[in-house]
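Take a walk through this chain, one element at a time. Keep the structure open while you read.

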Amino acid sequence: MGQTGWLFREVRGSWIKQRCYWFVLSQDSLDYYSSSERGARRLGTLVLTNLCSVIWPDKQTFKETGYWSITVYGRKHCYRLYTKHFNEAVHWACAVQKVIDTKAPVETPTQLLIRDIEENKFNPEVVDNMYQHNPILKHTQSPLYAPLLPFPYSSLEHTYHSGKGYATVREEAVKLFNCLQQLECARDPVPLIQGVLQTCLDLRPLRDEVYCQLVKQTSCTPQPHTAAHLRYWQLLTCMSCTFQPGPAVLKYLRFHLKRIQSQFPESEMDNYASFIGEALEKTRCRECVPSWEEIQVLMGRQEMLCTVHYPGPGSCQLHISSHTTANEVVRRMLEKLGLKESRNTFSLFEQNAHWERAVGGSTIIADILTRFENLSAKEPDSDSQWRLCFKLYCLLDADAISVDSIEYLFLFEQCHEMVVRGQLPACEEDLQTLAALRLQSVIGDFSTHSPCPPLDELFPGHMVEARLLMPPCAPPALLPATQPPVQGCPQRFPGGLLGGTLWNHTATAAHKQKVEQDLRLRSRLKEEAAAIMSTIVECWKGLAGYSRRDSMTAYLTIARQWSGFGCTLYEVDFYISSTGSFSQKLWLGVAATCVSLYRQGEAEALESFPYGQICSYGVSDSNTFKITAGDRDLLFETTKLTEIMQLMNAYFSAIRRQRGRGDDVVSITEGTAIEVGFHHLPPTPTPTLLQLPSHPV
C-alpha cells in the first residue's frame, strides 16, 4: 500500500469552504476520495509518468496562507495540496517524486520515428514508406497541438525567465510552431526569426524541438521551390549558426539534409543544406541572438563585413562568419598590417569614447557586434558608439620596434592615450612639450589656419584643476602629485572640483552665491586652459621643420624617461593590513617583467615585484585581487579583475615562450569569465601557468 492521508485541495478564497480529501498514492497514480472508508467515491485521478513533476513546499505560500503546499503536475491535471505540517508536506513530496522516478521515459511518436529512421537510414524505400504513412514527419498547414518532443508537465524550466512573459515549455513549443508557420506569409521575416532564436536562447530545452519542427516543415513540401517555403530553410540556417542540437537530433538533421540534397540537387534547398551542414561543424552555443544584420546575411548565405579600427585614424574591413573568433581576427590583422614577426602581442578591444576592455580570444565576434547593436539602440548618443579596435596588448620589447613601422605608430598613439588620461607621471613642462609634439606630428608646422584640437585631447584634464588648487608658491614640478588623475576618459570639468556647487539647494542668497562661485571657477578654468594652450602653441611654433617621424620619436623619448613606460595601469584600493582595515588608492602597473605599485601621479614605484618572486595570484572574492609574493599577501579591491588577470596570464605565457618552453604552455583563449581561485606558481624564474580564462597571446 502506498502513501495515504488527509490533505486540503485549496485553501485560498474565504468564500469557499475548505475541504479535506483522502489522498491515496499508488505506483501508477495519485487519487483522492470523499472519505477514508472502504468503498468511498473516488473524486479524481492524476496518472503519474516520468514527465510529471513536484514542486516542494515554500515559505512564501506558508506566509500567505498558513499552510505548507506541494504541487503535482500531470498531463491533464495539476493538484495543489496543502497541509498545516511542514514534515507532512515534505513526506508527500518525497513519496510522489519517488514514484515518478521509477517510471520509464515517455517517448513521443516523433522520437520513435526518429529512432526508426536512424536504424533504416541505408534503406531508402523503408524511410520513404515511413514518411508516406506518418503525417507527423511531413509539412503541414494545420496547427500543432502538442510538442514533437517530451517535456515535463510543470513550468519549472521557465521560472528563471518569468519576467519575459513565457508560459510553460510545452505551451511555448506549440507557440513556436505557430511562429514558424507565420514565416510563410510574413512581409519581413527577420523579427519572427529573431523572436524564435531569442526564445530558444532563453529556454534551452526548446532548441531540439525547433530543429524537429523545421525538419518537419521542410519535408515532403507541396511547393518546395517557393519563396515562402525557403523561409523555413532560412530560419534553419540561422538556428545552425546559433545552437548545436543534441546528439540524436543532430543525426536526424544530418540525415534530413542529405536526403534533401539527393532529392533536389542544384537547387536553393541543396545550397542551404550544404551551408547548414558546414555550419554545424563549427557552431558553439552563442551568447547573443544574431543581430538584424547577421540574420539578413545568413538568409543569403553570405558573410558579414566587420570594421576593425587601430590606433590613429586607420581601420580595416574583414569578412567574418557567425563562427569567427577574436583569435582569428587578430591573426588576420597581423597578416594585413605586416606585424606577424613582431615580438610584442596584440589584442582586440571593445571600446567607446569612455571605456575599453580586451576581448577574450575565443569570443565570437558576431556576439560582440550584436551587443554593440543592442547598446547603440539603448544609447543613441554619438559618444556612446561602440567599435572594435586592434591594439598593442603586451609590450615585451619596445626597443625592437622600428621607427618606420606601423607598430611604432601604435606605440605612439597608445602612449598618448595614457598621457591624456593622466597615467604618465611627468612635470607640467614635459606634458606641455608632449602636447606640442603631438600637434606637430598630427598637423605639421604651425599655421594660423590650422585646426587645433581641444585641450583635453592634448593635455591631462586634471592638471588644469591642479593649477587652481595649488598655492601660488608651489613649484610646478609638484603638480602631478597634487591632484590624483581621473581614471578613464579625461573630462574638461570632472566632478571633483565642481560637484554639488549648482544643486545644493539652501537659502536663496546662499544658492545665488554658489552659482556665482561656480561661474567664477568656470571662468578661472577657462583662463587656465587658455594659458596652458597658449604655452603649448608657443612650444609648437618652435618645432617648425620637425617631420612626423621626428615628432613621434621625440615624444616617445620623453615618455620613456618614466621607469614604468610600457606598463598598463589599473586604479586599485590597496589594503595595507591583511584584514583590509586600512586602504589607499594606488596604481597597479602590470608590465613585461614585474608588477609595481605607484602613488597616483608619482613617477617612482613604491614597490615592484618581479614575476619570478610571485608565488600565486588570483581572485579572492567578487572584487578583490590577491598577489602572493614570497611570504607577503597583497590585497587589492578593483573593478578590473578580469583585465588584470588576463594581462598577467598573457605576460606569463609570453615569458615562457620566449625562454624556449612554449611547447607545454597552456592555451589561455577561454574567454573573459573569471574563475574564482588562484594561479599557484612555483618559486622559479619561469612560473608554471595554470589554465585560467585569459586573453590570447
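A residue counts as exposed when its relative accessible area is over 50%, as buried when that area is under 20%, and as partly exposed in between. With that cut-off, start at helix H4, residues 124-133. The model is a predicted one. In H4, Val127, Met130 and Tyr131 are buried. Viewed along the axis of H4, these buried residues fit within an arc of 95 degrees, so they line one face of the helix. Glu125, Gln132 and His133 lie on the other side of H4 and are exposed. What do the buried residues of H4 pack against? Their partners are helix H3 (109-119) and H9.

Now step back to the whole chain. It holds 21 helices and 20 strands. Of its 697 residues, 49% count as buried. Take the contacts with a separation of 6 or more: residues 24 or more positions apart account for 63% of them.

Helix H2 can be read in the way H4 was. H2 covers residues 86-101, which makes 16 residues. At 1.5 Å a residue the expected span is 22 Å, and the end C-alpha atoms of H2 are 23 Å apart, which agrees. The buried residues of H2 are Ala89, Trp92, Ala93, Ala95, Val96, Val99 and Ile100. Their arc around the axis is only 165 degrees, which puts them on the same side of H2. Asn87, Lys98 and Asp101 are exposed on the other side of H2. The buried residues of H2 pack against strands: E1 (4-8), E2 (20-25), E3 (29-33), E5 (53-55), E6 (68-73) and E7 (78-83).

Next comes a helix pair. Two packed helices are described by the angle between their axes and the distance between the axes. For helix H6 (residues 190-202) and helix H8 (residues 227-240), the axes come within 11 Å and cross at roughly 35 degrees. The crossing of H6 and H8 is right-handed. H6 makes the contact with Ile193, Val196, Leu197 and Cys200. H8 brings Leu235, Cys238 and Met239.

Two loops deserve a stop for their backbone. Most residues other than glycine have a negative phi. Cys220 has a positive phi, near 55 degrees, and is not a glycine. Cys220 sits in the loop between helix H7 (206-217) and H8. Its relative accessibility is 40%, so Cys220 counts as partly exposed. Glu266 also has a positive phi, of about 60 degrees, though it is not a glycine. Glu266 belongs to the loop between helix H9 (247-263) and helix H10 (268-282). With a relative accessible area of 77%, Glu266 is exposed.

Now turn to a sheet. Five strands form an open sheet with mixed pairing, in the order E9-E8-E12-E10-E11. Strand E9 (315-320) and strand E11 (356-358) stand at the edges. Each has a single partner strand, so one side of each is left without a neighbour in the sheet. From one strand to the next, the twist averages 40 degrees. Strand E10 (residues 345-351) and strand E12 (residues 387-394) run antiparallel and are joined by seven bridges. Leu348 stands opposite Phe390 in E12. Helix H21 (residues 641-658) packs on the sheet and touches E10, E11 and E12. The direction of H21 makes about 50 degrees with that of E12.

Further along is Val442, in helix H15 (residues 428-442). Is Val442 buried or exposed? Its relative accessibility is 54%, so Val442 counts as exposed. Val442 and Met552 are 110 residues apart along the chain, while their C-alpha atoms are separated by 9.5 Å.

End at strand E13, residues 568-575. E13 is mostly covered, with six of its eight residues buried. Which strands pair with E13? One of them is strand E14 (residues 583-590), which runs antiparallel to E13 and is joined to it by eight bridges. Leu569 has Gly589 in E14 as its bridge partner. Strand E19 (residues 632-637) also runs antiparallel to E13, with three bridges between them. There, Asp573 has Glu637 in E19 as its bridge partner.

Methods: Residues are numbered from 1 along each chain as its sequence is written. This is a predicted model: local features need pLDDT of at least 70, side-chain atom pairs count only at pLDDT 80 or more; totals for chains, interfaces and linings use all residues. Side-chain values use heavy atoms; hydrogens and water are left out. Two strands pair if DSSP finds at least two bridges between them. Helices (H or I, at least four residues) and strands (E, at least two) are DSSP runs, numbered from the N terminus. Axes are lines fitted to C-alpha atoms, for helices over the stretch in contact, and angles run from 0 to 180 degrees between N-to-C directions. Contact means heavy atoms within 4.5 Å. The expected span of a helix is 1.5 Å times one less than its number of residues. Buried means under 20% relative accessible area, exposed over 50%, partly exposed in between (1.4 Å probe, protein chains only). The arc is that of the directions from the helix axis to the C-beta atoms. A crossing is left-handed if the near helix is turned anticlockwise from the far one by less than a right angle, and right-handed if clockwise.
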